[in-house]
Amino acid sequence: MVIRTDSELIQVKGVNMSEDKKRALEILRKLDKAYPDAPKTYLMFSNPFEMTIATILSARATDAGVNKVTPELFGKYPDPKSLAKANAEDVAMIIKPCGAYNRKTSYIIETARMIDADFGGTIPKTMEALVTFPGVSRKTANVVLQVVFGLAEGVIVDTHIMRVTVRLGFSKHDKKADKIEKDLITLLPKDKWIDYARLIGAHGRRTCKSSRPRCSECVISNLCPSSELAD
Ligand code: SF4
């Protein structure tokens, strides 16, 4: 396939890491200009505990849907201790719109209990510790570490980042978040991991949409092998 950059034509045959790396950095530069306001998260939170719980609730749910239930949830249970002692049925009724509410109820109550009992009520700052909480995957832990603490131990791969990454040809592992993350960790310098998730996530939500990518409006169409405008 042929990818046009501003200054040259790059022939991409299979995986060419050095050219892919240059292309990835150019894409991030362009998206940073296009989305200067792109947030690190679309979830509402006011402290690390709220972010951790909101991220668990966001599995297979929209951020907007989670944001609708968390004000009531955190109004009633503002800290790990109170959520750890919560009545499960009450919690389930509050978070029901997020889906899988029985499972998520047990996840967040047990996570709150562990935060309170094992970590003195504070959220740990390591991937190793975070993934011991029920309902916390690598993606969830990456979100908490990057959004709350500004720490990059990996690359966040959500549904938008997964889709756009595959369309951009940076991974062939469609819908396999762990493998896509490994490809991105290999491709990108570590100081770009947080920006990649923030900017590619924004691009997926606003332009490279799931149902119909808006290639004619896309600022990186000349760098994308999946562009409908490509030769
Ligand atoms: S050119 Fe199209 S497929 Fe490629 S990133 Fe842009 S919107 Fe997505």
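Domain bounds here come from an automatic or database domain assignment. Keep in mind, too, that you're looking at a predicted model. With that settled, let's walk through the chain.

The assignment gives us domain 1 (2-33 + 154-223) and domain 2 (48-149). Notice that domain 1 is written as two stretches of sequence, 2-33 and 154-223. How far apart are the C-alpha centres of domain 1 and domain 2? They lie 30 Å apart. The two domains do touch: ten residues from domain 1 and six residues from domain 2 take part in the contact.

Let's look at domain 1's side of that contact. Two helices, α10 (177-187) and α11 (193-206), each supply at least two residues to it. The largest share comes from α10, with three residues. As for chemistry, this side of domain 1 is made up of six nonpolar residues, one polar and three charged.

Now for the inside. In soluble globular proteins, nonpolar side chains tend to be buried together. In this model, the largest nonpolar core has 58 residues, and L57, V144 and Y196 have the most contacts inside it. Both domains feed this core, with at least three residues drawn from each of domain 1 and domain 2. Try finding Y196 in the structure: setting aside its neighbours within four places in sequence, you'll see that Y196 is in contact with L28, V155, L184 and L188.

Last stop, the ligand. Which residues come nearest to it? Of the 14 residues around the ligand, they are C208, C215, C218, C224 and S227. The shell as a whole divides into eight nonpolar residues, four polar and two charged.

Definitions and conventions. Residues are numbered from 1 along each chain as its sequence is written. This is a predicted model: local features need pLDDT of at least 70, side-chain atom pairs count only at pLDDT 80 or more; totals for chains, interfaces and linings use all residues. A nonpolar core is a set of buried Ala, Val, Leu, Ile, Met, Phe, Trp, Tyr and Cys residues joined through C-beta atoms within 7 Å. A residue is buried if 20 or more other C-beta atoms lie within 10 Å of its own, exposed if 12 or fewer, and partly exposed in between; C-beta atoms are placed from the backbone. Two residues are in contact if their C-beta atoms, placed from the backbone, lie within 7 Å. A residue is near a molecule or strand if its C-beta atom, placed from the backbone, lies within 6 Å of it. Ala, Val, Leu, Ile, Met, Phe, Trp, Tyr, Cys and Pro count as nonpolar, Asp, Glu, Lys and Arg as charged, and the others, Gly among them, as polar. Helices (H or I, at least four residues) and strands (E, at least two) are DSSP runs, numbered from the N terminus.
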